[in-house]
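Student: I'm new to this one and would like a close look at how one chain sits against its neighbours. Could you take me through it slowly, and then show me a little of what is inside a chain?

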There are 4 protein chains.
Amino acid sequence: MNPSMSIAATSVMVLSIAVGSAFAQIPPSTAGSVDPALIEDLVAANRILSQQGVLDHSGHVSIRHPANPNRYLMARSLSPALVTAEDIMEFDLDSNPVDQRGRRLALERFIHGETYKVRQDVNAVIHSHSPSVIPFSVTSVPLRPIILGAAFLWTGVPVFETRNAGVPAADMLIRNRDLGKALANSLGDKRVALLRGHGNVVVGSNVQNAVRRAVDTETNARLLIIAIGLGGGPINYISAEEGAARDRDPGIPARVWELWKRKALGN
Amino acid sequence: MNPSMSIAATSVMVLSIAVGSAFAQIPPSTAGSVDPALIEDLVAANRILSQQGVLDHSGHVSIRHPANPNRYLMARSLSPALVTAEDIMEFDLDSNPVDQRGRRLALERFIHGETYKVRQDVNAVIHSHSPSVIPFSVTSVPLRPIILGAAFLWTGVPVFETRNAGVPAADMLIRNRDLGKALANSLGDKRVALLRGHGNVVVGSNVQNAVRRAVDTETNARLLIIAIGLGGGPINYISAEEGAARDRDPGIPARVWELWKRKALGN
Amino acid sequence: MNPSMSIAATSVMVLSIAVGSAFAQIPPSTAGSVDPALIEDLVAANRILSQQGVLDHSGHVSIRHPANPNRYLMARSLSPALVTAEDIMEFDLDSNPVDQRGRRLALERFIHGETYKVRQDVNAVIHSHSPSVIPFSVTSVPLRPIILGAAFLWTGVPVFETRNAGVPAADMLIRNRDLGKALANSLGDKRVALLRGHGNVVVGSNVQNAVRRAVDTETNARLLIIAIGLGGGPINYISAEEGAARDRDPGIPARVWELWKRKALGN
Amino acid sequence: MNPSMSIAATSVMVLSIAVGSAFAQIPPSTAGSVDPALIEDLVAANRILSQQGVLDHSGHVSIRHPANPNRYLMARSLSPALVTAEDIMEFDLDSNPVDQRGRRLALERFIHGETYKVRQDVNAVIHSHSPSVIPFSVTSVPLRPIILGAAFLWTGVPVFETRNAGVPAADMLIRNRDLGKALANSLGDKRVALLRGHGNVVVGSNVQNAVRRAVDTETNARLLIIAIGLGGGPINYISAEEGAARDRDPGIPARVWELWKRKALGN
């Protein structure tokens, strides 16, 4: 950062003090240590989503801090398949690190912080390059649920278009809080939003729930592509009634988690 | 079914009419222990179908009890890839466990019990989320056989639609005996029925036969999707004559089973 | 086999003596032992084609006996992934085993014997269920070469239809010499013929050449399916001139064989 | 290129005019030894591209010699998955080996030498049979970027057609300097050119950059095929503005390289 840019950045920070946010140079305080079992699940989520083909060399998974809703936990900038407990960092909701110690931060961490700000019901956020959703993000064909496991998509899947975000976005990346906020607005009260030509954001009430949703979204997209390709007239989508019923009784996620975690952590 | 067992089954029916569901607390009697080799094959079936991509984290395989046609054997609620001999439980045809011991039951076990009730020729039942059959379940394109291995589909593949089942079905799952019975009626005398947006049920005279059918149904669906996509006019399906000939001389399933079981059990 | 059927079979054999073939009860003589390196390559071919997804649980690879053009070598009935040197048997061109010793014979071995009879240039034959060629066998879309590696397909790929074979064929399998001969006639002087709804037969001057052709045929089929699906007008196929040029200078198969064999045999 | 090297190169040109090809027997001089870490990266590139499905049994990766822009480094003719540091050879830009020692040369090495001649900005060249780009090479559908990672394709992807190369090309292979030069002209100032029915050439400022581009080109092609297949009207491609922005800020390739290299070299 050259000196003049540094001054500009500081001005923004000063301004943000006036409206209630933290002073960037002073790192935010920690919400305290976290149950290692929860960290293990977060690590497992990174590994599982890599094994399931939802995360590639990039993308990230976060959880809200259980002791303070204004903090979240996420790995440093690292390929998800390589994440260990030691790589997990703590951030405030402006996505400032509590204890950076020279570690590189995920560029698009604002996806997480801004989503936690507006979605009190969400305790886990995934950003992925889930391959089969990409075609739906660059065409006019909506991603809608056909398989039971993805019934939660019945509320709709918005496509976030950086060109229409209302804030500058040179290259489609969510590089700052403004873009993160615009994306969170696009997501609204939904479970999944697509990022055009880029991937998706998936949210859940906990990390198991979000991981399951991310995998089932990829599977549903893959099978819907095939169903459309069959050319057999209108697709028989899952109805709003079926989706709502499934929301009320979402099954037993523990069984899937047991299998995937065992495979991912190799024990 | 031998005569005395037939009488016993009738008695249970009469009793259940008289007392409704109040006597569910009295577990059904066991049909006795089973040859460990048969249990090993049932375990292998779970592993094979997971390796072959027919079963995902869910789904189940059952066999009819060799000593009593009114009992069947199936794993507790568990991902099929993790099933071992210790996880196999015994059920009556109303899908009540003989000896639950606190184990969680597969929610959709009624698929199995209700099928065994009406299909005397069937000794193995598979319920899967076989991915390539799903597109056929949400479009008007029928799943018909093109490959020799799936010639048994020549008798037709019905699609079970929970919305038209004649019984309440909030979310597409086969949650009770009524839905299981409706599905078994939809299956009729066929080998495979699809469940809309969900998967399929595959039956066979024994577990090797059912496993082979489940794998070949997935393969046939995958290749038929491609053949239709080629857009080269009418598909040259397997004829009724060819299907019937194959039924009379279905080949040597032992060779395939030998390969798959070795891979699945790692020995 | 019951007694009356045995008599009927013997009658056929007697008849075949009259027209010049061998007396079945007397096994044909052996052409002698074979260089173990050649057998190792034949075993490797089975493993390679399994690893490359060309052979599934079935299918077979044969080579002509180097010391006698009227004998060929092929595994007993066994999944190709499990074949070892001990499983290799010797056959005459009527597909009678030299030394059966109770081993089960591949049902469709006549594909091999009848092809060797009419194709003096061929020293290796593969029969596979190569998945991506199946769609071309059940539609009117011809399998033609687009990739350099499959340029050898420029001479055309016939589709053998058992219904039009001129001999009885209840279920699409090549169960006898008559069907094997009809298939060999369909193949003619080509390198590959498809079997409708079933797979293909691939021939080569040696086993390395045939394996390479089988893999490249599968790859070409897979990519041609995609190219056709793109809907971008006529496909730019490999021309007859290019195909003929490639025939004259087919490259260095040893490099590929080295890689595949190392992977397949794990050394 | 520093001034003295430029003079040396000119001298070689003058000499070669005077003597025709008669002096080919005198091997070019070496540019000296190379940092083993760079060779390790070149080896890793071969392995990574094999693991990622971009390179099959053939194809090659080269880097420009760091001490002399008129030399490049590439493996002897060998399947990329088997390449080790001992297999790396040095070539001049006419693709003559500095020290052949009986090793077989990659037939199409002229792709590399001729590209380095005309592209001063390029320090790594990949030639692959990247499967998903092939369909774009045999149809009229252009390969354009839809995913962020492949934004660099915004400058266009030419298709090189050997039939129109202006020099003899019997079988689509780049068998000599003339064909290499024609291909380099087709590539022009782009990052990727397709070879009809054959594969592509991908260039980069260093080997990490070129590898990343080769992988992302394959992924983009695969997803674009699906997006077109969805039939949902015009594709929302990455714009020139977005592509140019991404060129100015191409992200952190080190993170991906770390993951891929670890997987490829198993450490």
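Student: What rotation superposes chain D on chain C, and with how much shift along its axis?

Tutor: Before I get to that, some ground rules. Residues are numbered from 1 along each chain as its sequence is written, while chains are lettered from A and ligands numbered from 1 in the order in which they are written. This is a predicted model, in which local features need pLDDT of at least 70 and side-chain atom pairs count only at pLDDT 80 or more, whereas totals for chains, interfaces and linings use all residues.

Now your question. Turn chain D by 90°, with 0.0 Å of shift along the axis, and it superposes on chain C with an RMSD of 0.0 Å; the fit is by least squares on the C-alpha atoms of residues with pLDDT of at least 70 in both copies. The two copies are thus related as by a four-fold rotation axis. Within chain D, the residue that comes closest to that axis is Gly229(D), with its C-alpha at 4.9 Å. The two copies meet through different surfaces, and 5% of the contact residues of chain D recur in chain C.

Here is that contact from chain D's point of view. It brings together 22 residues of chain D and 22 residues of chain C, where a contact means C-beta atoms, placed from the backbone, within 7 Å. Helix H4 (134–137) and H6 of chain D each supply at least two residues to this side; helices (H or I, at least four residues) and strands (E, at least two) are DSSP runs numbered from the N terminus. H6(D) gives the most, with three residues. By class, this side has twelve nonpolar, eight polar and two charged residues. Nonpolar here covers Ala, Val, Leu, Ile, Met, Phe, Trp, Tyr, Cys and Pro, charged covers Asp, Glu, Lys and Arg, and the others, Gly among them, are polar.

Chain D also touches chain A. That contact takes 22 residues from chain D and 22 residues from chain A. On the chain D side, the elements giving two or more residues are helix H6 (207–230), helix H7 (240–248) and helix H8 (253–265). H6(D) has the largest share, five residues. The class split for this side is 13 nonpolar, four polar and five charged.

Let's move over to chain A and its own H7. In helix H7 (residues 240–248) of chain A, the buried residues are Glu242(A), Gly243(A) and Arg246(A). A residue is buried if 20 or more other C-beta atoms lie within 10 Å of its own, exposed if 12 or fewer, and partly exposed in between, with C-beta atoms placed from the backbone. Looking down the axis of H7(A), the buried residues fall within an arc of 100°, so they line one face of the helix; that arc is taken from the directions from the helix axis to the C-beta atoms. Turned away from the buried side are the exposed residues Ala240(A), Glu241(A) and Arg248(A).

Staying in chain A, have a look at its sheet. Seven strands form an open, mixed sheet in the order E3-E2-E1-E4-E7-E6-E5. Its edges are strand E3 (88–92) and strand E5 (159–160), each pairing on one side only; strands pair if DSSP finds at least two bridges between them. E5(A) runs parallel to strand E6 (residues 192–195) of chain A over two bridges, and there Val159(A) has Leu194(A) as its bridge partner.

Strand E4 (residues 124–128) of chain A has five of its five residues buried, so it is largely enclosed by the rest of the structure. Ala124(A), Ile126(A) and Ser128(A) are buried on one side, and Val125(A) and His127(A) on the other. In a regular strand the side chains alternate between the two faces of the sheet. E4(A) pairs antiparallel with strand E1 (residues 60–64) of chain A over four bridges, with Ser62(A) opposite Val125(A). Five bridges join E4(A) to strand E7 (residues 199–204) of chain A, again antiparallel, and Ser128(A) stands opposite Asn200(A).

Finally, how far to trust all this. The model scores ipTM 0.88 and pTM 0.90. Chain A has a mean pLDDT of 90, with 90% of its residues at 70 or more; pLDDT is the predictor's confidence in each residue, from 0 to 100. Go carefully with residues 1–23 of chain A, where pLDDT stays under 50.
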